[in-house]
Amino acid sequence: MATRTRTRATRRGPRAPRPRQASARKRIWLFEEGNASMRDLLGGKGAGLAEMSRVGLPVPPGFTITTAVCNEYNARGRTFPPGLMDEVRRALGVVERRMGKRFGDPRNPLLVSVRSGAKFSMPGMMDTVLNLGLNEETLRGLGALTGDERFAQDAHRRFVQMFGKIVLDVPGEKFEELLAARKRRAGATLDTDLGAGDLREIAREFKALITREKGVEFPTDPWVQLEMAIRAVFDSWMGKRAVDYRNFNKIPHDLGTAVNVQAMVFGNMGAESATGVAFTRNPATGEKRLYGEYLPNAQGEDVVAGIRTPHPIAEMERELPGVYRQFQAVASMLERHYKDMQDLEFTVERGKLWMLQTRAGKRTAQAAVKAAWSRSRSISSCSPDSIRKTRGPPSARASS
Ligand SMILES: Nc1ncnc2c1ncn2[C@@H]1O[C@H](COP(=O)(O)OP(=O)(O)OP(=O)(O)O)[C@@H](O)[C@H]1O
Ligand SMILES: [Mg+2]
């Protein structure tokens with residue numbers, strides 16, 4: 001079976017991609033400079049973030065380093081093109097001004113996420129680091145600024161864990177084991193039962209684990225953290241997991257991945273905060289009603305990590321009615337805009353809605369027909385191919 005799906009690239013080994021001349025010029029695009037048609041250069045996630053920013057939706061500011069840079073990086077033997085980090089500093093300067101915070105500033109620190117995003121979705125293949133920019137000083141600043149020491153310690157614990165796993169390649173289970181042991185000792189059932197002191201200790205244990213495993217100290221300079229995370233995303237493009245996935249799915253190896261650097265927003269800042277994922281309509285039936293789940297007081301990955309059981313999105317209507325209505329309006333608008341059902345990621349920080357991702361959602365043929373009719377559009381928006389292919393239960397993700 002593997003032979004049937006293997007491409008020429010596997011038989012010869014993946015070739016280092018060649019940089020594309022025309023697109024290689026502008027390496028970094030602020031979200032508001034791009035648009036939906038730029039998936040080749042900005043990746044699916046970057047193009048979605050750009051489009052949502054362009055039409056005025058609430059998207060945390062950020063920028064995309066293009067897929068062409070990834071290809072150039074690989075063609076140069078895993079070396080950044082000269083001057084890339086200067087351009088990153090300039091782009092991050094714009095984000096700092098928009099957010100009124102500074103990267104690495106102990107009094108008022110900006111934190112960012114570093115998110116991979118190729119033209120086509122590669123679920124589970126490439127990763128995202130949240131809360132980047134934390135060290136002992138910015139951690140104190142974050143605690144003082146938010147008046148919530150536990151929140152700051154939790155953000156730091158998560159950052160050390162994600163960075164350790166994704167960027168420094170320490171096996172994820174080793175962090176989970178330490179976390180579980182600490183929970184046992186503290187008599188805690190859920191992560192949320194752990195106090196600030198426990199979380200501080202866990203982060204310390206995580207750093208010691210990283211040093212034991214890799215023989216390096218955890219990087220404290222936010223700029224070094226950022227450079228390492230960008231590099232890790234580029235490296236993951238030619239990693240075995242990603243190469244195998246592309247061979248299997250016949251995705252070309254020379255597309256490259258973009259890197260999105262985006263100001264963090266926090267769904268874990270108390271009862272008025274939340275994070276979730278939702279389709280703009282029911283993917284099985286096509287019924288025009290938000291379909292998804294969310295978690296109050298949680299950060300992005302909690303919804304998919306299975307640590308806590310998410311609530312159906314409909315409950316948000318009772319818990320956060322104003323935000324729910326706004327999210328409904330955004331979802332309808334995006335569906336009309338893209339003329340297709342969308343799969344959305346969002347976060348609510350202290351009552352404010354932030355959009356973090358939009359992409360075409362997969363649905364059944366029945367739903368495609370219903371959606372096409374209910375939008376009063378021609379039936380041509382669901383292709384015969386999609387009707388043939390989409391039988392059985394809906395699966396979550398299409399292209400990112
Ligand atoms: N700047 C940010 N602020 C808050 N949450 C974020 C931010 N960036 C990413 N997240 C959240 O972190 C999680 C992981 O992000 P991301 O979308 O990059 O990867 P993914 O959803 O795991 O995979 P995929 O690439 O398929 O989307 C998501 O829940 C996302 O909404
Ligand atoms: Mg996502």
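Which residues in H10 are buried?

1. The model is predicted. Start with helix H10, residues 222-237. Its buried residues are Pro-222, Gln-225, Leu-226, Ala-229, Ile-230, Ala-232, Val-233, Phe-234, Ser-236 and Trp-237. As background, an α-helix has 3.6 residues a turn, so residues three or four places apart point the same way.

2. The length of H10 can be checked. The helix has 16 residues, and at 1.5 Å a residue they should span 22 Å. The C-alpha atoms at its ends lie 23 Å apart, which agrees.

3. Next, ligand 1. There are 20 residues around ligand 1. Those that come nearest are Ser-113, Arg-115, Thr-128, Gly-300 and Leu-356. Several strands give two or more residues each to this shell: E5 (112-118), E6 (128-132), E7 (257-263), E11 (342-349) and E12 (352-360). E5 gives the most, with three.

4. What classes of residue make up the shell around ligand 1? Nine are polar, seven are nonpolar and four are charged.

5. Where does ligand 1 lie with respect to the domains? Domain 1 (2-263) and domain 2 (274-389) both give residues to its shell, so ligand 1 lies between them.

6. Now the sheet. It is open and has five strands, in the order E10-E9-E8-E11-E12, with antiparallel pairing. E10 (311-312) and E12 are the edge strands. Each has a single partner strand, so one side of each is left without a neighbour in the sheet.

7. Look at one pair inside this sheet. E8 (residues 274-279) and E9 (residues 291-296) pair in the antiparallel sense over six bridges. Across this pair, Gly-276 stands opposite Tyr-294 in E9.

Technical notes. Residues numbered from 1 in each chain as written. Chains lettered and ligands numbered in written order. Predicted model: local features only at pLDDT ≥ 70, side-chain atom pairs only at ≥ 80, totals over all residues. Near = placed C-beta within 6 Å. Helix = DSSP H or I, 4+ residues; strand = E, 2+ residues; numbered from the N terminus. Nonpolar A, V, L, I, M, F, W, Y, C, P; charged D, E, K, R; others polar. Domains from an automatic or database assignment. Expected span 1.5 Å × (residues − 1). Buried ≥ 20, exposed ≤ 12 C-beta atoms within 10 Å, placed from the backbone. Pairing = 2+ DSSP bridges.
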